[in-house]
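Me: I would like to learn how to read a structure that is new to me, one feature at a time. Could you take me through this one slowly?

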Amino acid sequence: MTKWRYDFKTNLFQTCLSIAMKIPKIHIKRIYEPAESTDGFRVLVDRLWPRGIKKEKAHVDEWAKDIAPSTEIRVAYGHIPERWEKFKGQYLAELKKNEDIPHYLDKWEEHPVITLLYAAKDEKHAHVLVLQKYLQDCYKKR
């Protein structure tokens, strides 16, 4: 039997079934923002370590640089918004071929909340948006 509960904070119905299926909530956050207890398992998903952040003060549970965009497409994109659509397609193609994704999906499904951390200033054109959607879709298909 499926039990429903109403979460007044987010106005969403959640089911115990989603917990049984082990589908974590995936949030995104700039690494420069303070860590919070609601972040859950914090994963840095940039290939390079962010400037000005000391590793011991970053509150990063894992650094998953092997699922970040390749240096080739990251440099070609250069955070130029006009190149965003092309970059998204290239990065999505990389994610689909990335053999490390299943490993991370298995490893992270035990965490109810995962926060993907990134350093980019442009929050509307950051690779983490592509990664977040891709991981959510992967969990839904399991």
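**Strands, core and a helix**

Reply: Let us begin with the strands, bearing in mind that this is a predicted model. Strand S4 (41–44) and strand S6 (113–118) pair in the parallel sense, over 4 bridges, and within this pairing Arg-42 stands opposite Thr-115 in S6. S4 is also joined by 2 bridges to strand S5 (residues 62–63), again in parallel, with Val-43 opposite Glu-62 in S5.

Me: Which residues of S4 are buried on one side, and which on the other?

Reply: Phe-41 and Val-43 are buried on one side, while Arg-42 and Leu-44 are buried on the other, so that both faces of S4 are covered, where buried means under 20% relative accessible area.

Me: How should I place these strands in the whole chain, and in what order do its elements run?

Reply: The protein chain has 5 helices and 6 strands, and from the N terminus on its elements follow the order β-β-α-β-β-β-α-α-α-β-α. Of its 142 residues, 38% count as buried.

Me: Which members of the largest nonpolar core touch the most other members?

Reply: That core has 28 residues, and those touching the most other members are Val-43, Ile-67, Ile-101, Trp-108, Leu-116, Leu-131 and Leu-135. Two or more residues come from each of S4, H2, H3, H4, S6 and H5, and H5 gives the most, with 7 residues. A second, separate core of 6 residues includes Ile-53, Ala-58, Leu-117 and Ala-119.

Me: What does Trp-108 touch, leaving aside residues up to four places away in sequence?

Reply: With those neighbours left out, Trp-108 touches Pro-24, Phe-41, Val-43, Glu-62, Ala-64, Ile-67, Ile-114, Leu-135 and Tyr-139.

Me: How can I check the length of helix H3 against its number of residues?

Reply: One multiplies the rise of 1.5 Å by one less than the number of residues. For the 14 residues of H3 (residues 84–97) the expected span is 20 Å, and the end C-alpha atoms are 20 Å apart, which agrees.

Me: Which residues of H3 are buried, and what do they pack against?

Reply: The buried residues are Trp-84, Phe-87, Tyr-91 and Leu-95. Seen down the axis of H3, these buried residues fall within an arc of 70°, so they line one face of the helix. They pack against helix H2 (71–77), helix H4 (101–108) and helix H5 (127–141), whereas on the other side of H3 the residues Glu-85, Lys-86, Lys-96 and Lys-97 are exposed.

Technical notes: Residues numbered from 1 in each chain as written. Predicted model: local features only at pLDDT ≥ 70, side-chain atom pairs only at ≥ 80, totals over all residues. Heavy atoms only, no water. Buried < 20%, exposed > 50% of the residue type's maximum accessible area, 1.4 Å probe, protein only. Arc of directions from axis to C-beta. Contact = heavy atoms within 4.5 Å. Core = buried A, V, L, I, M, F, W, Y, C linked by side-chain atoms within 4.5 Å. Pairing = 2+ DSSP bridges.
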